[in-house]
Amino acid sequence: MADDIEVVASEPLLLQERRKSISLMFLRFIGVVLLAVAACYLFISNFNSQTPETEKNSLTLDKQELVNMRPFLKESEVKEEQYLKKEVCDLSIGKWIPKAEGPPYTYETCHHVASYTNCLKNGRPDTGFLHWKWQPSGCDLPPFDPLKFLNSMRNKSWAFIGDAIFSNHVDSLLCQLSPVATPDEIYYDGDKTRTWYYPAYNLTIYEIWSPFLLASRTEHGLPYEIHLDRLDGKWTEMYNKYDYIVFSGSQWLYKRIIMYENNEVVGCHFCPDLELNKIDDYVAYRRALQLIFKFITTSEHKPFVIFRTWAPNHWEDGGSPNERICNRTKPFKEGEFSGKSSDLRMRRVEVEEFEKAAAIGARNEVRIELLDIYHLSLLRPDGHPGPYGGHQPVENDCIHWCLPGPIDTWNELLMKVINGDAHEFVPAFL
């Protein structure tokens with residue numbers, strides 16, 4: 001009985017001991033939490049009080065590398081910003097701006113001006129068309145430098161291959177060179193093919209009449225005949241002699257033409273009265289360019305090839321039926337005239353074929369460049385002879401160019417192309 005009394009008396013004491021133990025554990029837990037909070041506070045305070053040098057030393061490796069790269073990243077950002085403020089020089093985009101000075105030659109100082117392009121001698125009364133300069137967007141186009149051209153072309157040969165527009169172009173070049181030197185005519189076929197020679201510079205300029213660039217028959221009048229699978233031997237047979245070649249298609253492709261392949265008639269352009277397959281002018285042009293570029297890119301001889309773009313005409317309707325005129329005296333403003341659909345089709349074809357050929361040429365170490373005169377020429381309806389081409393009876397010539405005149409700018413572009421800076425990066429106009 002005594003034992004029972006002891007057991008009952010000990011239960012309150014055990015409960016008290018357990019309560020004390022729990023209270024002690026709780027106090028210890030609170031103490032640990034307070035110590036942890038104090039430790040965190042001290043760590044944060046110490047971290048914030050570190051010097052920049054201490055902070056730098058405490059960074060991870062990746063962060064340290066970023067710190068070290070900051071100066072270079074900043075420099076890269078500056079260079080990128082400068083790069084974005086530059087643009088590629090595109091000579092074909094720009095505007096005509098007035099200039100006070102006139103051309104470097106006249107028909108009196110240069111004797112290579114053909115009668116049908118000698119507008120001032122033929123009575124043209126206005127001279128404003130001589131006082132415009134082509135200003136490319138983002139580019140500088142210096143005046144043609146005859147001495148620089150002649151010195152850089154010592155012991156070289158040039159071939160200009162095409163129609164009468166190329167004769168027009170060559171005459172312009174010879175006149176621009178005339179203040180420094182006059183060439184000797186060493187060959188003339190009695191028609192339209194000539195060879196000029198500058199003995200002091202051993203420079204030869206071939207002017208080759210080949211309006212289709214293909215084998216053709218043009219001497220008996222319309223319809224003309226061309227062979228879509230054969231090139232004109234007038235220029236291919238002497239191909240190995242040329243260091244520089246400039247060529248282009250021509251508006252002769254708009255004429256009435258019977259076309260051959262494998263010496264058989266395959267179609268005709270502008271022949272509604274003949275029972276022949278119709279072949280559009282731009283289709284024939286594409287075929288011709290493909291054949292020409294294949295010859296150029298696969299030839300063992302590798303001259304510097306310059307493909308000049310389509311030269312637009314500016315005929316407008318006159319006051320009477322079937323009358324076509326070009327009597328403007330100022331350049332078009334941008335957007336005033338977008339070009340004729342037929343010319344635009346031809347241009348699209350030639351740009352497409354040029355891009356393909358240039359890529360193939362680059363792989364075959366043949367340099368092919370584009371002399372893009374289309375747009376800047378499109379804006380110059382005032383540059384043609386019109387009624388001052390010396391024709392009798394009077395006929396408006398809206399396709400050839402007065403000399404001197406806008407066509408002289410083509411040679412300024414040509415200098416840029418052969419000097420290799422036609423696609424340079426230049427500061428943009430801000």
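**Exercise 1. Which residues form one aromatic cluster?**

Solution. Keep in mind that this is a predicted model.
- Step one: start with the count, since the structure holds 23 aromatic pairs.
- Step two: pick out the group. Phe 144, Phe 149, Trp 158, Phe 160, Phe 166, Tyr 244 and Phe 304 come together as one aromatic cluster.
- Step three: see who turns up again in the largest nonpolar core. Phe 149, Trp 158 and Phe 160 are among the residues there that touch the most other members.

**Exercise 2. Work out which elements supply the largest nonpolar core, and which gives the most.**

Solution.
- Step one: get the membership. This core has 48 residues, and those touching the most other members also include Tyr 198, Leu 203, Ile 205 and Ile 306.
- Step two: list the suppliers. At least two residues each come from helix 4 (146-152), strand 4 (157-162), helix 5 (164-177), strand 6 (194-198), strand 7 (203-209), strand 10 (244-247), strand 13 (304-308) and helix 10.
- Step three: name the top contributor. That's helix 5, with 7 residues.
- Step four: don't merge this core with its neighbour in the list. Another core, of 41 residues, lies apart from it and includes Ala 164, Leu 213, Tyr 242 and Phe 307.

For background, nonpolar side chains tend to be buried together in soluble globular proteins.

**Exercise 3. Find what Ile 306 is in contact with, leaving aside neighbours within four places in sequence.**

Solution.
- Step one: look at the aromatic partners, which include Trp 158 and Phe 247.
- Step two: add Ile 245, Val 246, Glu 369 and Leu 371.
- Step three: finish with Leu 414, Val 417 and Ile 418. Those last three are also on the list of buried residues of helix 10.

**Exercise 4. Is helix 10 mostly covered or mostly uncovered?**

Solution.
- Step one: take its span, residues 408-418, and count: 11 of its 11 residues are buried, so by the under 20% cut-off the helix is mostly covered.
- Step two: check the polar names. Asp 408, Asn 411, Glu 412 and Lys 416 are among the buried ones.
- Step three: look at what sits on either side. Pro 404 is in the loop between helix 9 (374-378) and helix 10, and a cis peptide bond with omega about -10° joins Leu 403 to Pro 404. After the helix comes Gly 420, with a positive phi near 80°.

**Exercise 5. Where are Asn 155 and Asn 202 placed, and what is phi for each?**

Solution.
- Step one: recall that most residues other than glycine have a negative phi.
- Step two: take Asn 155, in the loop between helix 4 and strand 4. Its phi is positive, near 65°, and at 54% relative accessibility Asn 155 counts as exposed.
- Step three: take Asn 202, in the loop between strand 6 and strand 7. Its phi is positive too, about 50°, but at 34% Asn 202 is partly exposed.

**Exercise 6. Which residues are closest to the centre of the largest pocket?**

Solution.
- Step one: note the volume, about 660 Å³.
- Step two: go to the lining. Of its 25 residues, Gln 251, Lys 255, Trp 315, Arg 324 and Ile 399 are the closest to the centre.
- Step three: inspect one pair. Arg 324 lies over the face of Trp 315, at 4.0 Å from the ring centre.
- Step four: turn to the largest cavity, about 50 Å³ in volume. Gln 251 and Ile 399 are among the residues lining this cavity.

Methods
Residues numbered from 1 in each chain as written. Predicted model: local features only at pLDDT ≥ 70, side-chain atom pairs only at ≥ 80, totals over all residues. Heavy atoms only, no water. Buried < 20%, exposed > 50% of the residue type's maximum accessible area, 1.4 Å probe, protein only. Helix = DSSP H or I, 4+ residues; strand = E, 2+ residues; numbered from the N terminus. Phe/Tyr/Trp six-rings, centres within 6.5 Å; stacked < 30°, edge-to-face > 60°. Lys NZ or Arg CZ within 6 Å of the ring centre and 35° of its normal. Core = buried A, V, L, I, M, F, W, Y, C linked by side-chain atoms within 4.5 Å. Contact = heavy atoms within 4.5 Å. 1 Å grid on protein atoms, 1.4 Å probe; cavity = no way out; pocket = protein on both sides within 12 Å on 5 of 7 lines; lining within 4 Å. Points joined across faces, edges and corners; volume = space filled by probe spheres on them.
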